[in-house]
Amino acid sequence: QVQLVESGGGLVQSGGSLRLSCAASKSVLDFVLMGWYRQAPGKQREAVAVITHGGDTNYADSVKGRFTVSRDNAENILYLQMNSLRPEDTAVYYCNAQKFVDTDLVSAWGQGTQVTVSS
């Protein structure tokens with residue numbers, strides 16, 4: 001089972017930037033999909049940005065043009081660069097990794113890192 005450890009969260013003013021990191025205990029190339037999700041108080045967890053094994057990326061409409069997901073294959077780290085942050089980006093951000101085990105798609109989650117954007 002892979003271990004995912006997020007870091008980089010914190011408190012930032014509106015318009016500011018943060019970079020989240022997710023260190024994986026196994027090669028990031030083992031996974032068909034990795035990504036960032038977030039959950040705000042009282043809301044469901046939602047996908048923010050994902051990257052496929054081949055490097056294709058996809059973003060939630062609310063973060064397009066502001067957030068960038070990337071991956072360091074050598075260091076086994078997933079990043080989320082967040083620019084032009086808004087108060088509505090405040091949430092706990094989770095790293096996710098998915099791989100096939102036989103025919104089953106297995107998902108692993110990190111413990112989450114808090115991002116708070118003040119207005």
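The exchange below concerns a predicted model and the terms applied to some of its strands and to one loop residue.

Biologist: Why is Ser27 called partly exposed?

Modeller: Its relative accessible area is 28%. Buried means under 20% and exposed means over 50%, so Ser27 at 28% is partly exposed.

Biologist: Where is Ser27 found?

Modeller: Ser27 lies in the loop between strand 3 (18–24) and strand 4 (33–39). Its C-alpha atom is separated by 14 Å from that of Asn96, which is 69 residues apart from Ser27 along the chain.

Biologist: How do you know that strand 1 and strand 3 pair?

Modeller: Two strands pair if DSSP finds at least two bridges between them. Four bridges join strand 1 to strand 3, so the criterion is met. The two strands run antiparallel. Ser7 has Ser21 in strand 3 as its bridge partner, and Leu4 stands opposite Ala24 in strand 3.

Biologist: What makes strand 1 an edge strand?

Modeller: Strand 1 belongs to an open sheet of four strands in the order 1-3-8-7, with antiparallel pairing. Strand 1 and strand 7 (67–72) each pair on one side only, and these are the edge strands. From one strand to the next, the twist averages 15 degrees.

Biologist: Which side chains of strand 1 are called buried?

Modeller: In strand 1 (residues 4–7), Leu4 and Glu6 point to one face and are buried, which means under 20% relative accessible area. Val5 and Ser7 point to the other face and are not buried. In a regular strand the side chains alternate between the two faces of the sheet.

Definitions and conventions
Residues numbered from 1 in each chain as written. Predicted model: local features only at pLDDT ≥ 70, side-chain atom pairs only at ≥ 80, totals over all residues. Heavy atoms only, no water. Buried < 20%, exposed > 50% of the residue type's maximum accessible area, 1.4 Å probe, protein only. Axes fitted to C-alpha atoms, helices over the stretch in contact; angles between N-to-C directions.
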